[in-house]
Amino acid sequence: MTNESSGPDKGMFDAAVFANKHIKGKFYRLGLEFYGDGAAAFAKARPGQFAELDLAGIPLPPTDAIAEDLRDASERKILLRRPFSFCDVSSRKDKIRVEILYCALGPATLRMTSLSPGKSVSVIGPLGNGFQSPADKKTALLVSGGMGAGPLIHLAKTLAADYPKMGIIAFAGAKSKTELPFERPTDEISQQLGFALHEFARVGVESQLATDDGSAGYEGFVTDCFTKWLGRSSLAVKDTIIYSCGPEVMLARMAKIAEDKKIDCQISMERMMACGFGLCQSCAVKCKVNGSSETIYKLCCKDGPVFDSREVAFEL
């Protein structure tokens, strides 16, 4: 995952909106376009990194477009930037396009839904440390829960391009079919063929679905689906790596699976991140000290959000 583009590693830039697509329910996909130094910086963005968006000056959508359960909260002032990872980064001539998968759950993300093509957004990024791809691995297993799919879609595309001989399989889970943050509906034939999700299929990556209620794919948690699949596989663990992003309880389970199977595993943690570069200290992650029973706190924004799963001391 190297990039030889010149220019700043990160900074504050203005991005132009080129798309803001409503996928379904509360799920949207925002497209931002960067020029000049912003394009040079985001050309280097790795899967798992993130950006902080200033949404304070964005108006709310019309009242009838706001879900009833969000109307009271929607009026709250937006004081801080909001962090988002990327589901895609692509180049077009002298521009870099960054796409963000998001869910309208509060006053800031509600405002995002009213961004239309041509509008400008202040963005700080790319921030944090993303996923690393050891060159000695032959198989990558990507496991996501809910909105954790975003950075793994980006990772699948990058791995497929940089390591064409690497076997890549994605597992995506959610509470139900309506809670899956993907653009196209799934059908039985594509699920049987192992290409249940278009976002992964378009880069040649197989995918499997799991929903808690069984409304699509495997009935049960994605971690159970993954464990059963792993039990049937004959993968050499030393050649395999797991990447995971999703709710913390799911990540803790993935870390345990990886530990039991002795498979390298990288997980993307989530915290409230006010500044995004380590000043506010609001995003502490409890981590183990190698060779000791002591623990220390690292910052999700600066030291993460991607950590080695053996490093995190989960408290669940």
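This passage describes a helix, a strand and a surface patch in a predicted model.

Helix α7 covers residues 248–261. The helix has 14 residues, and at 1.5 Å a residue these should span 20 Å. The C-alpha atoms at its ends are 20 Å apart, so the expected and modelled spans agree. Several residues of α7 are buried: Met-250, Leu-251, Ala-252, Met-254, Ala-255, Ile-257 and Ala-258. These buried residues pack against four elements. One is a helix, α6 (222–232). The others are β8 (139–145), β12 (240–245) and β13 (264–268). Just after α7 comes Lys-262, which takes a positive phi of about 60 degrees.

Strand β8, one of the elements packed against α7, is itself mostly covered. Seven of its seven residues are buried. Thr-139, Leu-141, Val-143 and Gly-145 point one way from the strand. Ala-140, Leu-142 and Ser-144 point the other way. Both sets are buried. Strand β8 is also joined to strand β9 (residues 167–174) by seven bridges. The two strands run parallel. Within this pairing, Val-143 of β8 has Phe-171 of β9 as its bridge partner.

The surface offers a contrasting case. Ile-189, Leu-193 and Phe-195 make a nonpolar surface patch of about 320 Å². Ile-189 lies in helix α4, which covers residues 188–193. The relative accessible area of Ile-189 is 60%. The cut-off for an exposed residue is over 50%, so Ile-189 counts as exposed.

Terms used
Residues are numbered from 1 along each chain as its sequence is written. This is a predicted model: local features need pLDDT of at least 70, side-chain atom pairs count only at pLDDT 80 or more; totals for chains, interfaces and linings use all residues. Side-chain values use heavy atoms; hydrogens and water are left out. Patches are made of residues with over 30% relative accessible area and no salt bridge: like charges are joined within 9 Å, nonpolar side chains (Val, Leu, Ile, Met, Phe, Trp, Tyr) within 5 Å. Accessible areas come from the Shrake-Rupley method with a 1.4 Å probe; for residues, only the protein chains shown count as cover. A salt bridge is a side-chain nitrogen of Lys or Arg within 4 Å of a carboxyl oxygen of Asp or Glu. Buried means under 20% relative accessible area, exposed over 50%, partly exposed in between (1.4 Å probe, protein chains only). The expected span of a helix is 1.5 Å times one less than its number of residues. Contact means heavy atoms within 4.5 Å. Two strands pair if DSSP finds at least two bridges between them.
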